[in-house]
Each structure stands twice: as structure tokens, then as C-alpha cells.
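Work through these exercises with the structure in view. Try each task before reading its solution.

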Amino acid sequence: MEETVNRPITTRNPDPDLTSPQRDQEEESVHRALERYYDAGKPPWDTGVTPPELVALVGGHSALQPGRALELGCGTGTNAIYLARHGWEVTAVDLIDRAVDQAGERAEAAGAAVRLLRGDATRLDELDAPGPFDLFFDLSCYCGIPLHRRDAYAAGLTRRAAPGARLLMFGYGPEPLDNPIPEVTSWAAGVTADELRAGFAGWELLDVTPGTNSVPTFWFTLRRDA
Ligand SMILES: C[S@@+](CC[C@H](N)C(=O)[O-])C[C@H]1O[C@@H](n2cnc3c(N)ncnc32)[C@H](O)[C@@H]1O
């Protein structure tokens, strides 16, 4: 059978330039697409609700002890503020100025201490986010990152992870029905458990729980080796 145009692309640059300051055309397309979402008002993902998966990790029966947390792709700050309110020392990064501005206003209004950084989750070395971090949270940031930048994302987290650190990640699986921005191939590729196992050396994939969306989504929990 003919493969659909949204077929995930699994190839990677075998020798990625992890530190490249230059954004290429695909990264520019992603940036512009994200900016359009924020410029148009409230993006569809900006629900203002902290997902139960994060609530369970931070406030559930076997809650993690608060430590340092880094949110990748924090948007307007809902979850960074939630973490700060639960005793975490939070740093939060987003690529889009308008999102970071709104996150700052919301954090201030909430009286929550969140360190907000404008920048690229695949270029953490350019930001003041040395860590080490005990928790990383990513709500569909990684799954939208161009494939050739994902190794740089993983390397950046790995360098900043405390022994035993957790990464809780929500991501869209491959083959979503509609890719709103066809030129951004990574948005069709999504993320898979196999990709994370291969891409996050020195981490263990502890859990994969399907999300409740109408298209395939997953909650991934990874733990950095102690
Ligand atoms: C689906 S939104 C989720 C936002 C927020 N976590 C929430 O729950 O509302 C993903 C966010 O990741 C950000 N993002 C995408 N690629 C990024 C990158 N390379 N570096 C930093 N942020 C990025 C987007 O601007 C967007 O705000």
C-alpha cells in the first residue's frame, strides 16, 4: 500500500552539529508557525490546566521530593507556575517571545518564582540553565522539534541531569491525521518510545502511557541513570 505523506521520517543526520547557532529553514518554519499560534491569541494547547500526569508525579502518593525543575517549551507558564507552587525551583524555557512574556506576567500575578528564559531547548548551552536538574517536563515541545535537532535536545538534558533525574514528556505519536504545517515534517513524525530509547543514552524509559486524545499521544517517563 502507498505510504501516506505524513509517514514519519526516521532518518537523522549521522553527525549532528549539536551546538550550531544557525537555524536552518525547517527551524525557521517551526518558529514562524509557533509565532503565528501565539500572535493569533490563545493557542489550542494553552488550556491553563496542569495535566494529571504531572500532578501525580509531583503531588501524588509517591511524589518526587521537590528539587530543581526545567520545563522545555513552557508556553504561557501554567505548569512552571504549578511546579513552583509545589516547592520546586523552576527554570522554564520557550522559543517564542510572546509566550515567555505572558508566562512572566502570569508568574508575577501568581506570586510564583519561575526563572523564565527565551531560547531554544535544543541549544541550552546558549542559555543560563546549568542545572543540575532533578526533573524535566516537556509537554509536546520535543515532538515538534525538527528531527536533526533532537540529538542536541537529548544531549542538553543529559548534561544537566542530576543522577536519577526524571523526564516526563507528552508527545504526539507518528501519523497524526492532519499536519497543520506540511513543510514542518517533524510535526508529522511525532515521537515514539523506540526513538527515545535510542536517543537518550544513559536514561531508562520507565513508562509509556497512551494519552486520551483522538490521535495517538503518549506520556513517557524516563529516568537518568544514578
Ligand atoms: C504544545 S506547546 C505547550 C506549551 C506549554 N507547555 C503548555 O502546556 O501550555 C509547546 C511549546 O513548546 C515551545 N517550543 C517548541 N519548540 C521549542 C524549542 N525548540 N525550544 C523552546 N521551546 C519550544 C512552543 O513555543 C510552545 O510554547
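**Exercise 1: a covered helix**

Task: Find what covers the buried residues of α3.

Solution. This is a predicted model. The cover over the buried residues of α3 includes the helices α2 (52–59) and α4 (97–110). It also includes the strands β1 (68–72), β2 (89–94), β3 (114–118) and β4 (133–139).

Next, go along α3 itself, residues 78–85. Its buried residues are Thr78, Asn79, Ala80, Ile81, Tyr82, Leu83 and Ala84. That makes 7 of 8, so the helix is largely enclosed by the rest of the structure.

Then step past the end of the helix. Just after α3, Gly87 has a positive phi of about 90°.

**Exercise 2: the nonpolar core**

Task: Which residues touch the most other members of the largest nonpolar core?

Solution. Start with the core, which has 60 residues. Those touching the most other members are Ala69, Ala80, Leu83, Val90 and Phe136. Strand β5 (residues 161–172) contributes the most to this core, with 7 residues.

Now take Leu83. Set aside its neighbours within four places in sequence; its contacts are then Val58, Ala69, Trp88 and Val90.

As background, nonpolar side chains tend to be buried together in soluble globular proteins.

**Exercise 3: the sheet**

Task: State the strand order of the open sheet, and explain why one side of β3 and of β6 has no neighbour in the sheet.

Solution. The sheet has 7 strands, in the order β3-β2-β1-β4-β5-β7-β6, with mixed pairing. β3 and β6 (203–210) are at the edges. Each has a single partner strand, so one side of each is left without a neighbour in the sheet. From one strand to the next, the twist averages 15°.

**Exercise 4: around β2**

Task: Describe how β2 pairs with β1 and with β3, and which helices complete the β-α-β units.

Solution. Begin with β1. It pairs with β2 in the parallel sense, over 5 bridges. Arg68 has Glu89 in β2 as its bridge partner. β1, α3 and β2 form a right-handed β-α-β unit.

Move on to β3. β2 and β3 are also parallel, paired over 5 bridges. Val93 stands opposite Leu117 in β3, and Asp94 opposite Arg118. α4 packs on the sheet, touching β2 and β3, and its direction makes about 165° with that of β3. β2, α4 and β3 form a right-handed β-α-β unit.

Finish with burial: 5 of the 6 residues of β2 are buried, so the strand counts as mostly covered.

**Exercise 5: another helix on the strands**

Task: Which strands does helix α5 lie across?

Solution. α5 (residues 150–160) lies across β1, β4 and β5. It runs at about 150° to β5.

Definitions and conventions:
Residues numbered from 1 in each chain as written. Predicted model: local features only at pLDDT ≥ 70, side-chain atom pairs only at ≥ 80, totals over all residues. Core = buried A, V, L, I, M, F, W, Y, C linked by C-beta atoms within 7 Å. Buried ≥ 20, exposed ≤ 12 C-beta atoms within 10 Å, placed from the backbone. Helix = DSSP H or I, 4+ residues; strand = E, 2+ residues; numbered from the N terminus. Contact = placed C-beta atoms within 7 Å. Pairing = 2+ DSSP bridges. Axes fitted to C-alpha atoms, helices over the stretch in contact; angles between N-to-C directions. Right-handed = clockwise from strand over helix to strand, strands pointing away.
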